[in-house]
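Hi everyone, thanks for coming. Let's have a look at this one together.

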Amino acid sequence: MTNLAPTLTLRSGGAMPQVALGTWPMEGDECEQAVRTALEVGYRHIDTAENYLNEEPVGKAFRASGLDRGEVFITTKFNRKWHGDAAGGLQGNLDRLGLDYVDLALIHWPNPDQDLYVKAWEGLIALQQQGLAKAIGTSNFKAAHIDRLIAETGVTPEVNQIEMHPYYDRAAERAYHAEKGIITEAWSPLGRDNGLRDEALVNEIAAKHGKTTGQVLLRWSIEVGAAAAPKSASKDRQAENLDIFSFQLSADEVEALAGLQAGPKADPMMDSDSFGH
């Protein structure tokens, strides 16, 4: 089965499937099985990270799929330990995955307390030039962090992966990314167990379109131009999460969903100025 999701074009020329399988917090056999079934139902983008402790089962599942390397887009991230040695960090990612390259390598958090994220970015630039990462980007970076990367290296991240869903719509961040030519990728696009799928508005829109609440929330990410990486270990739910391209939300529905962030259940991201791994 070929990829069921459309792709977004990266600045380096690659095509990134707009829906990825998020793999956190799955580990071991659960993660391996989830990646296997995701590839069976048509996912062609898998998102992992050193911090998730599941790169080995991700790689094992990919190899078991029988798919050619060029058919599957694999994203990974290295953590703060490697900001001063991006080559060592990415090589660890590749060794655990059992791959010669990744399609997208990200710095997982800026970790400004150690003030090494520019050095990490310089390292990723060199690794991309060596072909070990086809595309490079960031995760949980704020505009100020990205501005500094650009000012000091002249190279703009191709992707910034951030928490984004209707409780936390990140309109300002998305506008900044669009201005810089950065793709926004949403982690936790369904919310983080904070009742988003129980919202009356979400259920009303789902009923109107004959879709599930999860499909409505993922479609919202697509409508605002982002990529999304929902996590699911269930083959049926994985197929459901990928089946979001047969309907559209109206502009009014997109706006109404974003308005949910004004409610009492809004759950902002851990502050990347103080949090990090």
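Before the helices, a word on angles: axes are lines fitted to C-alpha atoms, for helices over the stretch in contact, and angles run from 0 to 180 degrees between N-to-C directions. Helices (H or I, at least four residues) and strands (E, at least two) are DSSP runs, numbered from the N terminus. This is a predicted model, where local features need pLDDT of at least 70, side-chain atom pairs count only at pLDDT 80 or more, and totals for chains, interfaces and linings use all residues. Residues are numbered from 1 along each chain as its sequence is written, and side-chain values use heavy atoms, leaving out hydrogens and water.

Okay, so how do helix 3 and helix 4 pack? Helix 3 (residues 86-97) and helix 4 (residues 117-129) sit with their axes 8 Å apart, at an angle of about 60 degrees. That makes the two helices oblique to each other (under 35 degrees is roughly parallel, over 145 roughly antiparallel, 65 to 115 roughly perpendicular, and the rest oblique). Who touches whom? A86, A87 and L90 from helix 3 meet A120, G123, L124 and L127 from helix 4, with contact meaning heavy atoms within 4.5 Å.

Now the sheet. It's an open one with eight strands, paired in parallel, in the order 3-4-5-6-7-8-9-10; to pair, two strands need at least two DSSP bridges between them. Strand 3 (21-22) and strand 10 (227-229) are at the edges with a single partner strand each, so one side of each has no neighbour in the sheet. Helix 4 comes back here: it packs on the sheet and touches strand 5 (73-78), strand 6 (102-107) and strand 7 (133-139).
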